[in-house]
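User: Please take a close look at one part of this model, explaining it for someone in a first year of study, and then connect that part with its surroundings step by step.

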Amino acid sequence: MAVLEIRKKGDECLTKKCHAVTVFDRRLKLLLRDMRDTLIDSNGVGLAAPQVGILRRIFLVNDDGDIRVYINPQILERKGEQHPVEGCLSVPNVFGKVVRPMYVKIAALDENGEPFEEEAEGLIAECFEHEYEHLDGHLFDEKVYEFVEPDGEDDE
C-alpha cells in the first residue's frame, strides 16, 4: 500500500491545467493503485491526480466502496441544481455551500484506455464536477457562496 501526499491549497500544482493521458502502461497502473490507496486512506469521495502532484487528467470516485477510475474525462451533460455542503482533501477543515448540477453524464477512459460513459445524480454528480474542476486548476472554495462550520453540514 502506497499512500501519496495530498497537496494542500497554496501548492502550485493545484492551480495548473492537467494534460491528457496518452500512455496506458504499467506506470499508469501503479499511479492508479497508489491513488486508490490514498483515497481509501483519506476517507474521501474523490481524488484527482493534481491533488497528489501529478498533472494528468485523472480522477477517482469512491461510491460507497466501489472505486472507479476516470481518465481524460469529458462532461457531456448537466441537468438540474443542488446546493451541497462540500469539503476537499486539499482544503482541509473548510466547508461551504456550492451550486452543482443534480445530474451529470460523463465520458472517460478506463485504466486500459477503453472508452465508457456514465451517468450520476446527487453526491456522485457533485463529485464528478468537483474532481473535474481540479483537472483545470480550480478548487471548490472558489465557488462557495456560503461557508459553514464543520458541525453545521446540513444539506438543503
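**The second largest pocket and its surroundings**

Analyst: The second largest pocket is lined by A20, V21, T22, V23, D25, R27, L28, L31, I54, R56 and I58. Please keep in mind throughout that this is a predicted model. The volume of this pocket comes to about 340 Å³, and its lining, when sorted by class, holds seven nonpolar residues, one polar residue and three charged ones. Among the elements, α1 makes the greatest contribution to the lining, giving three residues.

That leads to the helix itself. Helix α1, which covers residues 26–42, lies across β1, β2 and β3 (66–79), and its direction makes an angle of about 40 degrees with β2. These strands belong to an open sheet of five strands, paired in the antiparallel sense and arranged in the order β1-β2-β3-β6-β7. In this sheet β1 (46–48) and β7 (115–121) are the edge strands; each has a single partner strand, so one side of each has no neighbour in the sheet. On average, and ignoring direction, neighbouring strands of the sheet are turned by 40 degrees against each other. As background, strands of a sheet pair through backbone hydrogen bonds, in either a parallel or an antiparallel way. For the edge strand β1, the antiparallel pairing with β2 (residues 58–63) runs over three bridges, and within β2 it is F59 that serves as the bridge partner of A48.

A second helix also lies across this sheet. Helix α2, made of residues 122–135, lies across β1, β2, β3, β6 (103–109) and β7, and it runs at about 160 degrees to β2. One of its residues is A125, which counts as buried because its relative accessibility is 0%, the cut-off for buried being under 20%. Leaving aside residues up to four places away in sequence, A125 touches Q82, P101, M102, Y103, V104 and A120. Its C-alpha atom is 8.8 Å from that of R78, although these two residues are 47 residues apart in sequence. H134 lies in helix α2 as well, and at a relative accessibility of 1% H134 is likewise counted as buried. With residues up to four places away in sequence again left out, H134 has contacts to K16, C18, A48, P50, Q51, C88 and L139; A48 in that list is the residue whose bridge partner in β2 is F59.

It helps to set the other pocket beside the one we began with. The largest pocket contains about 460 Å³ of space, and it is lined by 23 residues, of which G44, V45, E86, G87 and C88 are the closest to its centre. The elements β4 (85–88), β5 (91–97) and α2 each give two or more residues to this lining, and its residues divide into 10 nonpolar, eight polar and five charged.

G44 is worth a separate glance, since it sits in the loop between α1 and β1. With 11% relative accessibility, G44 counts as buried, and beyond residues up to four places away in sequence it touches L39, N62 and L89. G44 and K29 are 15 residues apart along the chain, and their C-alpha atoms are separated by 20 Å.

Key: Residues are numbered from 1 along each chain as its sequence is written. This is a predicted model: local features need pLDDT of at least 70, side-chain atom pairs count only at pLDDT 80 or more; totals for chains, interfaces and linings use all residues. Side-chain values use heavy atoms; hydrogens and water are left out. Two strands pair if DSSP finds at least two bridges between them. Helices (H or I, at least four residues) and strands (E, at least two) are DSSP runs, numbered from the N terminus. Axes are lines fitted to C-alpha atoms, for helices over the stretch in contact, and angles run from 0 to 180 degrees between N-to-C directions. Contact means heavy atoms within 4.5 Å. Buried means under 20% relative accessible area, exposed over 50%, partly exposed in between (1.4 Å probe, protein chains only). On a 1 Å grid over the protein atoms alone, a cavity is a set of points where a 1.4 Å probe fits but cannot get out, and a pocket is an open set with protein on both sides within 12 Å along at least five of seven lines; lining residues have an atom within 4 Å of a point. Grid points are joined across faces, edges and corners, and a volume is the space filled by probe spheres set on the points. Ala, Val, Leu, Ile, Met, Phe, Trp, Tyr, Cys and Pro count as nonpolar, Asp, Glu, Lys and Arg as charged, and the others, Gly among them, as polar.
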